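Subject: Structure handover, with notes on helix packing and salt bridges

Hello,

Here is the structure I said I would pass on. My notes on helix packing and salt bridges follow below it.

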Amino acid sequence: MNVLRTFLLYALLVICSVVVLFPIVYAFLISFMDGAEVLQGHIWPQKFTMKNYVAAFQKVPLFEYLFNSFIVSFIVMLGQLIISSLAAFAFVFLKFKGRDVLFFLCIATMLIPWEATMIPNFLTVQKLGWLNSYLGLTVPFFASAFGIFLLRQHFKTIPLELYEAAQVSGVGRFRFFWNIVLPLSRTSLITLGVYSFLTTWNMYLWPLLVTNNDRVRTVQIGLKQMQSQEISTEWGVVMAAVIVVILPTLLLLFVGQKHLQKGLMQGAIK
Amino acid sequence: MEQIELVHVYKSYNGKDNVIHDLSVSIEPGEFFVLVGPSGCGKSTILRMIAGLETITSGTLLIGGIEVNELPPSERNLSMVFQNYALYPHLTVEQNITFGLYKKKISKQEQKKRCLEAAEMLGLTDFLKHKPRQLSGGQRQRVALARAIVTHAPICLMDEPLSNLDAKLRAKMRSEIRQLQRRLGITMIYVTHDQVEAMTMADRMMILHEGRAQQIGAPLDIYNHPSNTFVASFIGSPPMNLAKAKVLESLLLFDNGRAMRLHHHLPPSTQQIIVGVRPEHIRLAKPSDDHFIAKVVNVEVLGTETLVTFELTKNEHWIARWSGQWNIHAGEKVPLTIDETAFLFFHENGQRLDHSIPSYAAGKGEHQ
Amino acid sequence: MNAPLSVKSSPSVPVRRKRAVWTTLEGIVYLLPSLILFSIFLFYPMLKTVYLSFYATDHQGNPVQFVGIENFVYLLKDVNFLQSIKATLLFVCYTVPASVVLALCLALMANEKLKGIGLFRTFFSSTMGMSVAASSVIWMFMYNPSIGVINKVLSLFGISDVQWLLDPKIALISVSISTIWMNIGFTFLILLGGLQNIDPTLYESARIAGVSYWYQLRKVTLPLLSPTLFFVTTVSLIHSFQTFGQIDILTKGGPMDATNVIVYSIYKDAFINYNFGSASAQAVLLFFAILVVTFLQFKFGERKVHYQ
Ligand SMILES: Nc1ncnc2c1ncn2[C@@H]1O[C@H](COP(=O)(O)OP(=O)(O)OP(=O)(O)O)[C@@H](O)[C@H]1O
Ligand SMILES: [Mg+2]
């Protein structure tokens, strides 16, 4: 590769990075400005102040929001991992009548946009008394066709001979699932885990519908609240909250990026 | 030790075409039984039916005199070694070896003891803490063997266990497996597509072709008395020479006018037959011998033996196998002779004709 | 051949059936959690949505009166709904192609073997970690007409006072731009994964043949990437039909319904106007729209896909 081309590539990469990262960096910088400076429309803060962060935690229960989001995302992640891996195991290793029909049914659920079902779902959750509770925020998302599909694709790469060897030596199905299949599928389990944590953390419409008090409200709704209430004029505080909210997912993304990059495709193609 | 019997067993995967046709065989306790045949003939299918990994479409499978058609694999009390070893990649050698013992209600100590025993037997003691990927092909093979041994099952099934090894290691493992089987006294059913493996290892073997048993018997019996042309050409390397011929009185007439005279050892009465001769039975003729002249088309000197390909007729080449190194070149014409007793005769449809009858008897038969 | 031994009865059917029943039961047990949840939170509500769409409902969402297809007829005559369809379609056209093309360019660059490329990959995928709410808040500030950075920069060029989110002519485009930015991370990550799946020996053989970069891109890279591109386009299409968060935060469907995309319209009808019947009818139409788009994608898009 010649030098000119390398140079051009780096230049392009840098320019693109600046464009892509700008909004995040911008928010980061604003979060350190005091109110007057924000109103002047500066980009670089003249002096960095942590006041906004303190204010963000004082004026809204940001800690509680974060905690709620964390709990909800974690439960959904766990639920999806367990339930999807059980289903995927049955679809790969158990042969029984009607299995393919059930699989087709599961895949067909991908075609139903979640928004088209939200009205009855809201009514159901309301009837169950799950409004403003972790149950209402998590349980509807435990079953995931995408998760089943992703794990199934990976389970299928496990040589059938391993399963047969286990059968011949009298190892039970569940033991095989627990001791062989799950450890061998660590990569896709991590992929699915990261993915479901991210999507749940970032979920917006459903928490908006089923929460209306601070006890269970998630950070995303908290952000909306902040932005639409009186403190919305204090942009510095809002941006501080934004930074606090995106930090966990950005970190998770950076850690799990390699897995996602490889793993998500596996679910889609092949 | 238990006897295994298959009685009129059929197998079909799609409900229409039979992959295994009417297979009946009885495998004796303590026997080393080899299933051999070309790729796709149904060897694995048979083995997997015995293991219980495939259902039997019709017929009966008996182990120790009891019908086990419907028994799940784990209750058949057998062990199995797979072609790709089927080792659990994330478990250590030791965990791999003992993984299947869990359900058999065997104490931890006993598990450990058996594992060490098997590891010692197979020279794996130093590798117990390694993962499979840190092992060489031969060592992995041994782990798979150890896993079969520790179960103390009286029957062991092996599906082409050596096909991933290089030639040298294969020869070594061949004898190791054989010795192990003798020492433990287990009944072994061993699948291979390699006739050398079958010949060297088997007490008895079954040759399969397109889902049908062609012949069952001891290796040498099969080598010397193949029951049809398929077996004749499958067993032996290089394979038996075969050629179509007409029988005229005591003459064998090949295409292009080549003829051979037989004095005592005539085929039974059929006009059109197939003649078979093992390469080692074609000799260079001494002046006194009845001989024929043939043109050499290729010579392969292999060190201890020489393979000479010659023209039997214009478009049929036969091979002769002589021990030692011979200085012969393509294009030369050489006098060759074949012992009369070495001729085997097959019907046009491939079936072996009844053991060749001395000429006087054959003569009678021919002129009835 | 050995003489057949005693011929026993053919395989006992009852035993086999019993075993099959057991396996089926075991399979069902593994699948049960998923099946139950799908039934409660997906199949049942989907059917219920269809059901509700034929009814007039009270404020609790109870069906009061069967009205047949009246909800639909009314919708199709309703200017607001037609506007919402128009907004949705425009939004899809603005965001999907741009997201995919931009992400593809980024992925192609990030797939080069350079020092420090991992850092750039992380940068480009970073918007995937950004929630819709957080991103929207940031963009809201950037679009702020008086103190936002965008107008500040434009004023350097003598353009001033663009009402990004309040001008009905621009609002949808503004929302689209911020959405494209939000989409890039995910799309980029998937495309990069697809690029890395391509067998490197294929590039090597192209290199030995001495073809140019663009030729290689057209003849090797893109055809081999086509399954991924197809996947990503389909997902993006479906996704953009479901847009809600950025609308809710940035424009609330305004100004003058210019950004009132369908999901937002459903939300407003159901949870602000308590008109569940009409909202359900819209949800049914959304379902069919996505079905049709997916179907068309598979019918016409997949033809151009080369599976390896
Ligand atoms: N699961 C299956 N479904 C359908 N047909 C099968 C299945 N397994 C094997 N067959 C068919 O049955 C026949 C015998 O296959 P089998 O695997 O027993 O051959 P094999 O003798 O073991 O061959 P190889 O030496 O290549 O392993 C083949 O024609 C194969 O196509
Ligand atoms: Mg086989």
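In this predicted model, helix α9(C) passes helix α12(C) in a right-handed crossing. The two helices cover residues 213-241 and 276-301 of chain C, and their axes come within 10 Å and cross at roughly 165 degrees. An angle over 145 degrees counts as roughly antiparallel, and α9(C) and α12(C) are therefore roughly antiparallel to each other.

On the α9(C) side, the contact is made by Phe230(C), Thr233(C), Thr234(C), Leu237(C), Ile238(C) and Phe241(C). They meet Leu286(C), Ala289(C), Ile290(C), Val293(C), Thr294(C), Gln297(C), Phe298(C) and Gly301(C) of α12(C). Sorted by class, the residues of this contact are 9 nonpolar and 5 polar, with no charged ones.

A second helix pair in chain C is α5(C), residues 132-142, with α7(C), residues 171-197. The axes of α5(C) and α7(C) come within 10 Å and cross at roughly 135 degrees, which makes α5(C) oblique to α7(C). The crossing of α5(C) and α7(C) is right-handed. From α5(C), Val132(C), Ser135(C), Ser136(C) and Trp139(C) take part in the contact, and from α7(C), Ile177(C), Ser178(C), Trp181(C) and Met182(C). By class, there are 5 nonpolar residues, 3 polar and no charged in the contact of α5(C) with α7(C).

Now the salt bridges. Over all chains, the count comes to 22. Here are some of them.

In chain A, Lys59(A) forms a salt bridge with Glu234(A), and their closest N and O atoms are 2.8 Å apart. Lys59(A) lies in helix α3 (residues 51-59) and Glu234(A) in the loop between α13 (219-228) and α14 (235-268), so the pair ties together parts of chain A that are 175 residues apart in sequence. Is each partner buried or exposed? Lys59(A) counts as partly exposed, at 45% relative accessibility. Glu234(A) counts as partly exposed at 31%.

In chain B, a salt bridge joins Glu176(B) and Lys172(B), with the closest N and O atoms 3.7 Å apart. These two residues are 4 apart in helix α5 (residues 167-184) of chain B, so they are separated by about one helical turn. With a relative accessibility of 23%, Glu176(B) counts as partly exposed. Lys172(B) counts as partly exposed, at 43%.

The side chains of Asp339(B) and Arg283(B) also meet in a salt bridge, at 3.6 Å from N to O. Asp339(B) is in the loop between β20 (333-338) and β21 (344-347) of chain B, and Arg283(B) is in strand β16 (residues 282-284), so this pair ties together parts that are 56 residues apart in sequence. Asp339(B) is partly exposed, with a relative accessible area of 38%, and Arg283(B) counts as partly exposed at 29%.

Finally, chains A and B share a network of salt bridges: Glu164(A) is linked in it with Lys11(B), Arg48(B) and Glu54(B).

Regards

Definitions and conventions:
Residues are numbered from 1 along each chain as its sequence is written. Chains are lettered from A and ligands numbered from 1 in the order in which they are written. This is a predicted model: local features need pLDDT of at least 70, side-chain atom pairs count only at pLDDT 80 or more; totals for chains, interfaces and linings use all residues. Side-chain values use heavy atoms; hydrogens and water are left out. Axes are lines fitted to C-alpha atoms, for helices over the stretch in contact, and angles run from 0 to 180 degrees between N-to-C directions. Angles under 35 degrees count as roughly parallel, over 145 as roughly antiparallel, 65 to 115 as roughly perpendicular and the rest as oblique. A crossing is left-handed if the near helix is turned anticlockwise from the far one by less than a right angle, and right-handed if clockwise. Contact means heavy atoms within 4.5 Å. Ala, Val, Leu, Ile, Met, Phe, Trp, Tyr, Cys and Pro count as nonpolar, Asp, Glu, Lys and Arg as charged, and the others, Gly among them, as polar. A salt bridge is a side-chain nitrogen of Lys or Arg within 4 Å of a carboxyl oxygen of Asp or Glu. Buried means under 20% relative accessible area, exposed over 50%, partly exposed in between (1.4 Å probe, protein chains only).
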